[in-house]
Amino acid sequence: FNLPLLVVQIEVDESCFGAWRIRGKHGRGAKGKTIVCGLLKRGDKIYTEIVSDCKGVTLQRIINGKTSIDSVIHSDGWRGYNGLVDFGYKKHFIVHHSKNEFARSNSHINGIESFWGYAKNRLVKFKGMNKSMFNLHLKECEFRLNNRKQNIYKILLVIFRKEALKLS
């Protein structure tokens, strides 16, 4: 997912996966949820990574490691994204969900929010899963989105022909 040195539009967001409500708390405050950071190159591919927290250092490490400094970054108002301009990014546009702002002309994160909805809808069908398997399921959702314009069956056939299944 390393981006070429072109000026591209990147949407960045984080999401929590897990039970909707745990002991009366929901969202970031609920214990036991898995936090995922995602980067979406508009109209192209997504990259997801499980993170331990939503702190600025963690999020900025991922953004800096996966995007060109010339990219235009779009995010929500989460404080973990503060300082991206100080980090060297020339353009960082913020939509403030807390102020009922979800888009301002070309500034929005609707693409990555759509991916979170897709992934959660797909994963809820399992009615829970072992935490050690979550990353595989998340990466499957990422693979499906990144190859949505291709025949996934043919892609998988090519992969399986190159890599034989190893049964233990």
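Which residues does Thr58 touch, not counting residues up to four places away in sequence? Keep that question in mind while you set up the view, since this tour will come back to Thr58 at its second stop.

**Before you start**

This is a predicted model, in which local features need pLDDT of at least 70 and side-chain atom pairs count only at pLDDT 80 or more, while totals for chains, interfaces and linings use all residues. Residues are numbered from 1 along each chain as its sequence is written, and side-chain values use heavy atoms, with hydrogens and water left out.

**The whole protein**

Show the cartoon and follow the chain from its start: the protein has 4 helices and 7 strands, and along the sequence they come in the pattern β-β-β-α-β-β-β-β-α-α-α. Helices (H or I, at least four residues) and strands (E, at least two) are DSSP runs, numbered from the N terminus. Of the 168 residues in the protein, 39% are buried, where buried means under 20% relative accessible area, exposed means over 50%, and partly exposed lies in between (1.4 Å probe, protein chains only). Among the contacts with a separation of 6 or more, 52% are between residues 24 or more positions apart; a contact here means heavy atoms within 4.5 Å.

**Helix α1 and Thr58**

Now select residues 56-66, which make up helix α1 and include Thr58. The buried residues of this helix are Thr58, Leu59, Gln60, Ile62 and Ile63, and if you also display β1 (9-17), β2 (34-41), β3 (46-51) and β4 (72-76), you will see the strands against which the buried residues of α1 pack.

Zoom in on Thr58, and the opening question can be answered: not counting residues up to four places away in sequence, Thr58 touches Val51 and Asp53. The side chain of Thr58 also makes a polar contact with the side chain of Asp53, at 2.6 Å. A polar contact is a pair of N or O atoms within 3.5 Å; within protein, one must be able to donate a hydrogen and the other to accept it, and residues adjacent in sequence count only if both atoms are side-chain atoms. Thr58 has a relative accessible area of 13% and therefore counts as buried.

Move along the same helix to Lys66, which also belongs to α1 and is partly exposed because its relative accessible area is 23%. If you measure from Lys66 to Tyr47, C-alpha to C-alpha, you should find 8.6 Å in space, although the two are 19 residues apart in sequence.

**The cysteines**

How many disulfides does the structure hold? Select the cysteines to look for them: the structure holds 0 disulfides, and Cys54 is in no disulfide, the nearest cysteine sulfur being that of Cys16, 5.7 Å away. The cut-off for a disulfide is a pair of cysteine sulfur atoms within 2.5 Å. Cys54 is buried, with a relative accessible area of 9%, and Cys141 is buried as well, at 0% relative accessibility.

**The salt bridges**

Side chains of opposite charge can pair when their charged atoms come close. In this structure there are 7 salt bridges, each being a side-chain nitrogen of Lys or Arg within 4 Å of a carboxyl oxygen of Asp or Glu.

Begin with Lys41 and Asp44, whose side chains meet in a salt bridge at 3.5 Å, N to O. Lys41 is buried, at a relative accessible area of 16%, whereas Asp44 is partly exposed at 31%.

Next select Lys90 and Asp70, which form a salt bridge whose closest N and O atoms are 3.6 Å apart. Lys90 lies in the loop between β4 and β5 (91-95) and Asp70 in the loop between α1 and β4, so the pair ties together parts that are 20 residues apart in sequence. Lys90 is exposed, with a relative accessible area of 62%, while Asp70 is partly exposed at 33%.

Then go to helix α3 (residues 134-146), where Glu142 and Lys139 are 3 residues apart and thus separated by about one helical turn. Their side chains meet in a salt bridge of 2.9 Å, N to O, in which Glu142 is buried at 11% relative accessibility and Lys139 is partly exposed at 28%. To finish this stop, select Arg122, Glu140 and Arg144 together, which are linked in a network of salt bridges.
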